[in-house]
Amino acid sequence: MSNEKNYDALAKEIVAKVGGADNVTSLVHCATRLRFQLKDMEKGQAEDLKKQPGIITVVKSGGQFQVVIGNHVGQVFDAVMPLVGTLNNSENVPSNQPIMNRLIDIISSIFAPILGVMAGAGILKGVLALSLAMGWIDGGSGAYRILNAAADGTFYFLPIFLGYTSAKKFGGKPFIGMSIATALVHPEITTHFNAIFASELGGPAVAPEYFFGIPISYMNYASSVIPIILASWFNVQLEKRLDKWLPDAIKNLFTPFLCLLITVPLTFLVIGPIATMIGHGLSSIFMFMYDTSPIIAGALMGAFWQVLVIFGLHWGLAPVFINNLSVNGFDVFSPMTLPAVFGQVGAAIGIFIIAKNQKTKALAGSVGITGFFGITEPAVYGLNLPRKKPFIFGCVGGAVGGGLIGFFGTKVFSMGIPAIFSIAQYIPSTGIDMTVYGAMIAAAVGLIIPAVLTVLFFREEDEVVTNEASTDSPAAPAAPLKPEKEILSSPFNGEIISLSQVADETFASELMGKGIAVIPENGELYSPVDGVVESIFKTHHAFGLKSEHGAEVLIHVGIDTVQLNGEFFTPQVSEGQKVKKGDLLLKFDIEAIRAKGYDVTTPVIITNTEEYLDVLPSTKEHHINLQSPILSLV
């Protein structure tokens with residue numbers, strides 16, 4: 001009961017800090033985080049929420065305000081929902097959001113509610129495959145038949161689940177979406193498709209069928225993803241118009257009637273075949289990438305998977321994994337994420353081994369155990385990412401392990417969360433083979449490499465000393481790695497904010513290095529150091545400088561401005577050019593950028609922060625003038 005009260009108190013705090021119930025248009029949860037769609041993202045008080053016990057961190061990504069809770073997210077979600085009331089799902093995807101943000105929001109909202117049951121069913125399928133391979137169960141027995149139905153039913157009837165979540169996300173009636181999906185997997189449709197397939201293999205001929213003169217192209221929609229999502233989207237548009245046109249007295253009966261009458265035939269005749277072609281095309285593209293170099297594909301997936309998880313962007317790949325399972329009967333990309341998960345666990349184990357602080361040791365042990373079961377957010381946000389090196393070591397382990405997965409050709413045969421139980425899902429119908437052993441080796445390598453690197457090259461007590469030095473005596477550190485103190489000047493006139501306030505977790509988390517951010521007053525960027533222009537991004541929105549004292553400085557004009565593809569940016573220098581403090585680097589049309597809806601907040605980052613004892617603000621003022629001291633590098 002006390003836990004329920006705690007969840008209630010936390011839920012009230014969360015709703016208040018996201019701008020109140022009136023600011024919430026959509027709320028779903030995945031394995032570890034609450035995913036809010038807010039009318040006004042600026043009302044979300046991320047920094048205040050991060051300080052709350054029970055909240056690991058807050059991420060603004062993919063058009064969502066994501067509150068990372070951890071294992072208790074389901075209980076917190078249940079406590080939050082009564083406070084936000086009935087959500088208007090038709091407003092879930094604001095039209096002013098960038099298209100990628102809107103896409104990620106749609107995908108996560110559709111798949112997040114069913115991920116838990118899919119993972120559970122996937123584990124059961126894996127356990128059954130292992131039991132068959134080890135001879136623990138007879139494949140022809142009634143016990144196997146029932147357990148296999150329990151495991152496989154979720155995937156076979158996946159379109160029905162997606163019909164519900166898709167219709168709900170698009171703002172329609174979920175049960176109409178489910179009803180459309182039941183038609184796609186109806187036994188008569190499936191039986192007729194199987195008969196056609198058998199005839200193509202030399203069986204009895206099957207006469208073509210027509211829908212009032214229009215030829216029908218039957219497809220196998222069991223376990224499919226894209227057809228029902230597209231059909232649900234179309235049906236919601238139809239449903240909204242019918243609700244407007246029909247009198248209130250009859251709409252509750254005739255809206256479902258007309259939706260089924262129109263959408264189901266249209267799905268079989270047009271939407272389904274087109275969606276199936278899209279699904280096969282996507283699968284072919286990804287399999288081509290895999291076939292070109294499975295080792296490189298695995299290394300990239302293993303290296304960057306946890307980076308995608310940080311921002312919640314991994315949901316963009318969920319339909320790809322499921323689509324591959326539907327089209328091919330297996331997926332080769334999902335197994336590549338297993339070493340990435342074990343990599344963060346390995347880094348946590350390394351910290352556990354070397355930590356002298358008992359609280360840190362206890363935290364490392366707790367999040368490490370959780371990570372084995374596929375929940376890495378506590379390890380990433382609470383332990384590895386704030387310490388930077390262990391997180392990077394985890395990504396290194398993930399890259400090596402992912403490359404090994406590609407080398408061994410490991411496949412997964414059911415959807416689930418990458419975790420220790422996933423290995424059972426890699427067992428093919430022919431029994432345990434080298435692809436399964438390869439996954440075990442890759443997972444072990446992904447675990448061991450970051451653990452060893454963390455033990456050898458990271459010291460928790462070094463970080464504690466550094467923090468104390470920067471707090472108590474920043475001007476006189478005990479053992480500076482640089483012999484002098486370098487001062488950077490402001491590249492603009494403008495308002496100063498801390499990196500933690502920047503609306504981009506990559507900068508706010510200091511993953512790229514320490515620094516500061518400026519909200520410029522005009523569209524001219526000046527050099528903060530004497531040095532060399534080492535790089536200019538091809539979209540001209542970001543510059544890399546190296547000072548004559550060795551500081552590597554990244555200046556990133558605006559947030560997500562890479563999407564402007566260089567529009568409104570005019571460089572005034574070239575790569576390799578020497579510059580002095582105050583030299584003009586860039587002109588940009590600040591008003592046009594703002595008019596396009598982009599935030600012009602400009603982070604100034606020291607990307608080689610690890611070479612300094614600390615990077616400190618040079619002023620406590622909120623406003624700064626051009627060329628005034630802004631950062632001190634010790």
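This passage walks through the overall build, the strand pairing, a nonpolar surface patch and the cysteines of a predicted model.

Starting with the big picture, the protein carries 21 helices and 20 strands. Its C-alpha atoms fill a box of roughly 85 × 60 × 55 Å along the principal axes. The radius of gyration comes out at 27 Å, and a compact globule with 634 residues would be near 26 Å, so the two agree. As for burial, 51% of the 634 residues are buried.

On to the strands. Eight of them make up an open sheet, with antiparallel pairing and the order 15-11-12-13-17-9-8-19. Strand 15 (578–579) and strand 19 (623–624) sit at the edges, each pairing on one side only. Within this sheet order, strand 17 is listed next to strand 9. The contact between strand 9 (residues 514–520) and strand 17 (residues 602–606) is antiparallel and runs over five bridges. Here Val518 stands opposite Thr602 of strand 17. In general, strands of a sheet pair through backbone hydrogen bonds, either parallel or antiparallel.

Strand 16 has pairings of its own. Strand 10 (residues 524–526) is joined to strand 16 (residues 584–588) by three bridges, and the two run antiparallel. Strand 14 (residues 569–571) is also antiparallel to strand 16, again with three bridges. One residue of strand 16 turns up in both pairings: Lys587 is the bridge partner of Glu524 and the bridge partner of Thr570 as well.

Turning to the surface, Leu230, Val270, Ile274, Ile278, Leu282, Ile285, Phe288 and Met289 together make a nonpolar patch of about 700 Å². Most of this comes from helix 10 (residues 248–292), which gives seven residues to the patch. Phe288 is placed in helix 10, and this residue counts as exposed because its relative accessibility is 58%, where the cut-off for exposed is over 50%.

Last come the cysteines. The count of disulfides is zero, taking a disulfide as a pair of cysteine sulfur atoms within 2.5 Å. A disulfide is, after all, a covalent bond between the sulfur atoms of two cysteines. Two of the cysteines can be placed by burial. Cys259 has a relative accessible area of 0% and is therefore buried. Cys395, at 12%, is buried too, since the cut-off for buried is under 20%.

Methods
Residues numbered from 1 in each chain as written. Predicted model: local features only at pLDDT ≥ 70, side-chain atom pairs only at ≥ 80, totals over all residues. Heavy atoms only, no water. Pairing = 2+ DSSP bridges. Helix = DSSP H or I, 4+ residues; strand = E, 2+ residues; numbered from the N terminus. Patch = residues over 30% accessible without salt bridge, like charges linked within 9 Å, V, L, I, M, F, W, Y side chains within 5 Å. Areas by Shrake-Rupley, 256 points an atom, 1.4 Å probe, with all protein chains shown as cover. Salt bridge = Lys/Arg side-chain N within 4 Å of Asp/Glu carboxyl O. Buried < 20%, exposed > 50% of the residue type's maximum accessible area, 1.4 Å probe, protein only. Rg over C-alpha atoms; globule rule 2.2 N^0.38 Å.
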